[in-house]
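Student: I have not seen this protein before. Could you walk me through it, one question at a time?

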Amino acid sequence: MFKALVVEKNEEGKTSAAVQELSEDRLPEGEVMVAVDYSTVNYKDGLCIGPGGGLVRNYPHVPGIDFAGTVEASDDPRYNAGDKVVLTGWRVGEAHWGGYAQKARVKADWLVPLPDGLDARQAMAVGTAGFTAMLAVMALEDHGIKDGPVLVTGAAGGVGSVATAILANLGYEVAAVTGRPETADYMKSLGATQIVAREELNETTKRPLEAEMWGGCVDAVGGEMLARVLGQMKYGASVSAVGLAGGAGLPATVIPFLLRGVNLLGIDSVMQPYDNRVRAWARIAKDLPMDKLEAMIQPATLSDLPELGRGILKGQVKGRVVVDVNG
């Protein structure tokens, strides 16, 4: 038997989440059984836990879109009992039972060996959000970061926090955008040298181009803010777009792309090729300062998750929540 946070839906369509004890035969099919040590809390997890279930395909359901732990049994020759592994993406926690449980059974292709220099707790302090942040930084580097500050929107959130720490550690000047003035000191502790109030980028303007300000951008918001930022990018600069919190619409023109050569790079963390996932996790172990990582962590247990799931949807969660599923 093992403990898991189980989300159920009643006949009226209302969902509820509670910690239950389950047997291993309840787990979905997969080649590898993992004893989960840690998971974390992402925006998608909040949607899965929240009213209506959001992204959940079938009930009952175990959320948790990522986890790190130890292989317990494997039918795949790539993994042996005792191997340390991490999983992000592949619809785990949405279409397939996820990391909010002490056991997980998944396809071997979804896993990545935990790189040297990271333990399971640190890996989940990084989590899908930090993995996405590294993918975004790698995409900017591949296209060439220009002189000047690199803007990070939604900088108090999971993706933004890790992106800020990585960029600062690599020597870039980072301008962090936040709608909560009380997080300014936190942003600066991660390495941000400039704090930009969210209201400055939410102001309506009819100008498709403004003064060139940013040498690159990791955008974790989207919507109208992304449209505004595009008009402020330096010539040939790139924006790695990773989030839709501000909406899926993009009320922009083609002018920033035509007249400034701005690159809009879409980052999808879900179905990344294996080699790119390995590369990203190796870069995380190398380029994310562990002291900054520790400063982001908020500890939690399975019983804390219903409240945390609601809180992340309201923008009340700062940094990285690390869930000790055995705590």
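Here is a short conversation about this predicted model.

Student: Let's start inside. Which element gives the most residues to the largest nonpolar core?

Tutor: Good place to begin! Nonpolar side chains in soluble globular proteins tend to be buried together. Here the largest nonpolar core has 51 residues, and Val86, Leu167, Met187, Trp281 and Leu288 have the most contacts inside it. Several elements supply at least two residues each, including helix 3 (158-169), helix 4 (184-189) and helix 8 (274-287). The top contributor, with 15 residues, is helix 2.

Student: How many residues does the second, separate core have?

Tutor: Among the members of that core are Ala4 and Leu5, along with Ala101 and Val106. Its total is 37 residues.

Student: Back to leucine 167. Which residues is leucine 167 in contact with, leaving aside neighbours within four places in sequence?

Tutor: Contact here requires heavy atoms within 4.5 Å. With the neighbours within four places set aside, the partners of leucine 167 are Val137, Ile145, Val150, Val152, Tyr172, Val174 and Val218.

Student: Now arginine 121. Is arginine 121 buried, partly exposed or exposed?

Tutor: Arginine 121 sits in helix 2, which covers residues 120-143. Buried means under 20% relative accessible area and exposed means over 50%. Because its relative accessibility is 29%, arginine 121 counts as partly exposed.

Student: Which side chain makes a polar contact with the side chain of arginine 121?

Tutor: Beyond four places in sequence, arginine 121 touches Tyr38, Glu294, Ile297 and Val322. One of these is joined to arginine 121 by a side-chain polar contact of 3.0 Å, and that partner is glutamate 294.

Student: What do the buried residues of helix 10 pack against?

Tutor: In helix 10 (residues 305-313), the buried residues are Leu305, Pro306, Leu308, Gly309, Gly311 and Ile312. Just after this helix, glycine 315 takes a positive phi of about 75°. The packing partners of the buried residues are strand 1 (2-9), strand 2 (15-22), helix 1 (43-49), strand 14 (297-301) and strand 15 (320-324).

Student: Last one: which helix gives the most to the lining of the second largest pocket?

Tutor: This pocket has a volume of about 300 Å³. Of its 18 lining residues, those closest to the centre are Thr205, Arg207, Ala227, Arg228 and Pro251. Helix 5 (198-202) and helix 6 (223-230) are the elements that give two or more residues to the lining. With four residues, the one that gives the most is helix 6.

Terms used:
Residues are numbered from 1 along each chain as its sequence is written. This is a predicted model: local features need pLDDT of at least 70, side-chain atom pairs count only at pLDDT 80 or more; totals for chains, interfaces and linings use all residues. Side-chain values use heavy atoms; hydrogens and water are left out. On a 1 Å grid over the protein atoms alone, a cavity is a set of points where a 1.4 Å probe fits but cannot get out, and a pocket is an open set with protein on both sides within 12 Å along at least five of seven lines; lining residues have an atom within 4 Å of a point. Grid points are joined across faces, edges and corners, and a volume is the space filled by probe spheres set on the points. Buried means under 20% relative accessible area, exposed over 50%, partly exposed in between (1.4 Å probe, protein chains only). A polar contact is a pair of N or O atoms within 3.5 Å; within protein, one must be able to donate a hydrogen and the other to accept it, and residues adjacent in sequence count only if both atoms are side-chain atoms. A nonpolar core is a set of buried Ala, Val, Leu, Ile, Met, Phe, Trp, Tyr and Cys residues joined through side-chain atoms within 4.5 Å.
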